[in-house]
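Hello,

Here is the structure I promised to pass on to you. Please open it alongside this message, and then read on for what turned up.

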Number of protein chains: 2
Amino acid sequence: MNNEPTLADIRAASRRIGQRIHRTPVLTSSTLDRMCGAHLFFKCENFQKVGAFKIRGATNAVFSLTDAGAIHGVATHSSGNHAAAVALAARWRGVQAYVVMPENAPPIKRVAVEEYGAKVFTCAPDLKAREQELAAVVAKTDAAVIHPYNDYRVIAGQGTCALELCEDMPELDVVLAPVGGGGLISGTALAVTELLPTARVIGVEPERADDAQRSMAAGHILPVVHPDTIADGLRTSLGDRTFPIMQRLVSQIVTVSEEAIVLAMRLLWERMKIVVEPSGAVPLAALLSHKIDLSGRHAGIILSGGNVDLAHLPW
Amino acid sequence: MNNEPTLADIRAASRRIGQRIHRTPVLTSSTLDRMCGAHLFFKCENFQKVGAFKIRGATNAVFSLTDAGAIHGVATHSSGNHAAAVALAARWRGVQAYVVMPENAPPIKRVAVEEYGAKVFTCAPDLKAREQELAAVVAKTDAAVIHPYNDYRVIAGQGTCALELCEDMPELDVVLAPVGGGGLISGTALAVTELLPTARVIGVEPERADDAQRSMAAGHILPVVHPDTIADGLRTSLGDRTFPIMQRLVSQIVTVSEEAIVLAMRLLWERMKIVVEPSGAVPLAALLSHKIDLSGRHAGIILSGGNVDLAHLPW
């Protein structure tokens, strides 16, 4: 897949992965609606297979491979959820997965990856070390690389989440998603723009990993520097396949503080009784800290994942 | 309501409360199915209004009052969830609620009760002190007492949970519910026996609050003694309206350790990404610790509530 995904590609991805993943529910909360002054529709990817939306893109990519392309297995680098997703998708496909993980990834995520049968390699927690280790693994195994976000098959897969959300909630005025490498937000933007042409797409990221906001302002990709944020899924830089889609279709990037992320996460747990990881709470944090005013609007919010180490909670 | 509820009474309760409460979803987990060797169907009352099934019985009782009977308000004693439920039901009805709470009730539950507009009175954490304080409140206010479980209107209301579960999952072989004062288990037993005559109803309680198991063996109510269990909703003794129903329709009472309760609670959070309170995890604890063998069976499990103080988790 060498061109930007179209809505047809996202629909094809949906058919390709639909029998394996969950069509996750859309939940509401009258308490959170009241606190934010808007009608919020939470797309619960924390209930998804492997506990995060990442299974969508990984499964679409792994099952888009030809038999010859898949036979030596698949390889990737990831801070966590994409790793588990590639591991499970590979198991579904019946091929070996090789996963490079930064040494500071949450232990719970490494365990999940290994339980799915993948071989794990650790490296220093920066993009260069990850890519070097991945190149070494590929040189040895000849595995097919499934990049965590800078891959059109992955972007199309992530777009299936917003496809479902727009089908279920056609009245949305705006859709909010977290921004890490840009796979989710670009897939979301592609789907929403086609399905709900009047709706806006807003990306939210931690202040401490504000490379998307800076990149959009600069007009070119600026890498993330020392992303010391609790939102461990959002510590990555943008890619040359996600950024142009974001430039064209994302109307705004908003940043939030660490305190706002923890507060939003805790409210989701306390009020909605659902377990959401810090990265997944980032869009709600933007609303609660008044970084966006959506008064009276219908807002879709992608709760991207729910993988949290319960022994180390941020409160 | 002076006679044991019939299925017709439970259906009437369902109509009476249906516009105000949630019809909660039934969730499944392939991981937990695999761990327990059974097909588990979790009725998610943690997603219910006030975060627990208690709103069902309280709302049915409060809206069963005549206008003259409701005019001086309603009063109750409760360790937490029933208190919030009566407070909210009273607000819906437009009357004052007076709530007696034991001084060791979780702070989060007291706050919720006050937010719903109830007046709270605290007392020592034993049944005698609760009842004395409640009598004093009623003498002063002339409020109508809504007992947390020993009340046929409350029992009929709690039965609406199993009514929904049996409607949604007619293939169930067995239904498990936690046992505190017996309101939920007796309402559940009344509904299940009528709707699924071949299904069994099993009650589960903490070893440290095993009064139901002892009472069933003795053939008469034995009070709970020093119920030092993390399952704060299950520290109460049975009542003379719940116990006869349990004797007739509950096939078994099983007890579980504190460790098993915490493990079950943590698994529900980690694997299903839902927040369940200790009392709500008690039935799953029985399966995980092999206190019941349901191999290959379809089991309904009532997750009774999700109100937890996130600042004080048991792991």
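In this predicted model, helix 3 (residues 54-64) of chain B packs against helix 8 (residues 152-168) of chain B at an angle of about 135°, and their axes are 7 Å apart. Helix 3 of chain B is therefore oblique to helix 8 of chain B. As for handedness, the two helices, helix 3 and helix 8 of chain B, make a right-handed crossing.

If you would like to find the contact on screen, helix 3 of chain B contributes Arg56(B), Gly57(B), Thr59(B), Asn60(B), Ala61(B) and Ser64(B). From helix 8 of chain B, the residues taking part include Arg153(B), Val154(B), Ile155(B) and Cys161(B). Sorted by character, the residues of this contact between helix 3 and helix 8 of chain B are five nonpolar, seven polar and two charged.

Now to the strands. Chain B has an open sheet of six strands with mixed pairing, in the order 1-2-10-7-8-9. Strand 1 (26-27) and strand 9 (252-256) of chain B are the edge strands, each pairing on one side only. Within the sheet, strand 7 (residues 174-178) and strand 10 (residues 298-303) of chain B run parallel and are joined by three bridges. To see one pairing up close, look at Leu176(B), whose bridge partner in strand 10 of chain B is Ile301(B).

One more helix is worth a look here: helix 10 (residues 211-218) of chain B lies across strand 8 (200-206) and strand 9 of chain B. Helix 10 of chain B runs at about 145° to strand 9 of chain B.

Enjoy exploring, and best wishes!

Note on methods
Residues are numbered from 1 along each chain as its sequence is written. Chains are lettered from A and ligands numbered from 1 in the order in which they are written. This is a predicted model: local features need pLDDT of at least 70, side-chain atom pairs count only at pLDDT 80 or more; totals for chains, interfaces and linings use all residues. Axes are lines fitted to C-alpha atoms, for helices over the stretch in contact, and angles run from 0 to 180 degrees between N-to-C directions. Helices (H or I, at least four residues) and strands (E, at least two) are DSSP runs, numbered from the N terminus. Angles under 35 degrees count as roughly parallel, over 145 as roughly antiparallel, 65 to 115 as roughly perpendicular and the rest as oblique. A crossing is left-handed if the near helix is turned anticlockwise from the far one by less than a right angle, and right-handed if clockwise. Two residues are in contact if their C-beta atoms, placed from the backbone, lie within 7 Å. Ala, Val, Leu, Ile, Met, Phe, Trp, Tyr, Cys and Pro count as nonpolar, Asp, Glu, Lys and Arg as charged, and the others, Gly among them, as polar. Two strands pair if DSSP finds at least two bridges between them.
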